[in-house]
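Colleague: I should like to go through this model term by term and ask what each label rests on. Please begin with the placement of the elements.

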Amino acid sequence: MNAENHVKDIVIRFKEVLDAHNKHLECFVDYGVQLEGWLKGELLYFLDNEKASKRIANFEREVQVGIGRKKVDFYLEIPTGAAVLDVWIELKHWLLGYQKGYKYNAGFYFGDASPVGIKPDIEKLNQFTQENKYLL
């Protein structure tokens with residue numbers, strides 16, 4: 001299985017965790033907040049369990065890449081039998097809906113060049129030469 005398929009498998013299992021917390025997500029929408037820290041915490045706990053079950057060999061959070069203060073949210077080592085795949089994941093949590101009277105949609109986040117949007121994260125991932133880079 002290639003890196004992309006391994007990551008898809010991880011995302012599907014993580015989606016099951018998030019589906020079990022649907023009431024949390026509904027509450028976030030009701031109060032108009034985006035809580036990326038909460039999502040990182042959920043993913044951290046999930047990856048810890050993935051490591052314990054040996055579906056991933058290891059992981060690190062907030063890994064320094066390149067020069068300066070650039071960090072990628074998660075680095076995973078995925079065993080494939082003969083080798084270990086290195087996978088880099090940048091995480092985003094966006095509110096699609098109303099926040100403080102303003103409606104945010106996906107177009108806003110894809111077009112916004114500030115740290116709120118997707119552009120800085122894509123640029124960060126593109127600055128280093130490692131393969132298997134994903135935005136979740």
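Modeller: The model is a predicted one. Helix 1 lies across strand 2, strand 3 (84-90) and strand 6, and runs at about 105° to strand 2.

Colleague: How do you know that strand 1 and strand 2 pair, and in which sense do they run?

Modeller: Pairing requires at least two bridges between the strands. Six bridges join strand 1 to strand 2 (residues 71-79), and the two run antiparallel; therefore they count as paired. One of the bridge partners is Glu77 in strand 2, which faces Asn58.

Colleague: What makes strand 2 and strand 3 a hairpin, and how many residues lie between them?

Modeller: Strand 2 and strand 3 run antiparallel and are joined by six bridges, with four residues between them. Pro79 stands opposite Val84 in strand 3. In the turn, Gly81 has a positive phi of about 100°.

Colleague: How many bridges support the pairing of strand 3 and strand 6, and is its sense parallel or antiparallel?

Modeller: Three bridges link strand 3 and strand 6, in the parallel sense. Since at least two are required, this pair also qualifies. Within it, Trp88 stands opposite Lys133 in strand 6.

Colleague: What order do the strands take in the sheet, and what is the pairing called?

Modeller: The order is 1-2-3-6 in an open sheet of four strands, and the pairing is mixed. The label fits the pairs already described: strand 1 with strand 2 is antiparallel, whereas strand 3 with strand 6 is parallel.

Colleague: Which are the edge strands, and what makes them so?

Modeller: They are strand 1 (58-64) and strand 6 (133-135), each of which pairs on one side only. From one strand to the next, the twist averages 25°.

Colleague: Why is Gln130 called partly exposed?

Modeller: Its relative accessible area is 32%. Buried would require under 20% and exposed over 50%, so Gln130 falls in between and is partly exposed. Gln130 lies in the loop between helix 5 (119-127) and strand 6. Its C-alpha atom is separated by 8.3 Å from that of Asp86, 44 residues apart along the chain.

Colleague: How many cavities does a search of the whole structure find?

Modeller: The search finds one cavity of 30 Å³ or more. The largest cavity has a volume of about 50 Å³. A cavity is space where a 1.4 Å probe fits but cannot get out.

Colleague: Which residues line the largest cavity, and into which classes do they divide?

Modeller: The lining consists of Val7, Ile10, Val11, Leu43, Leu47, Leu76, Ile89 and Leu136. Helix 1 (3-20) and helix 3 (36-52) are the elements that give two or more residues, and helix 1 has the largest share with three. By class there are eight nonpolar, no polar and no charged residues.

Colleague: What distinguishes the lining of the largest pocket by class?

Modeller: That lining has 11 charged, four nonpolar and no polar residues. The pocket has a volume of about 210 Å³. Of its 15 lining residues, Lys71, Asp73, Glu90, Asp121 and Lys124 lie nearest its centre. Helix 3, strand 2 and helix 5 each give two or more residues to this lining.

Colleague: How does the lining of the second largest pocket divide?

Modeller: It divides into seven nonpolar, one polar and two charged residues. The pocket holds about 150 Å³ of space, and helix 1 gives the largest share of its lining, four residues. Among the lining residues are Phe14, Lys15, Lys92 and His93.

How values were computed. Residues numbered from 1 in each chain as written. Predicted model: local features only at pLDDT ≥ 70, side-chain atom pairs only at ≥ 80, totals over all residues. Heavy atoms only, no water. 1 Å grid on protein atoms, 1.4 Å probe; cavity = no way out; pocket = protein on both sides within 12 Å on 5 of 7 lines; lining within 4 Å. Points joined across faces, edges and corners; volume = space filled by probe spheres on them. Nonpolar A, V, L, I, M, F, W, Y, C, P; charged D, E, K, R; others polar. Axes fitted to C-alpha atoms, helices over the stretch in contact; angles between N-to-C directions. Contact = heavy atoms within 4.5 Å. Buried < 20%, exposed > 50% of the residue type's maximum accessible area, 1.4 Å probe, protein only.
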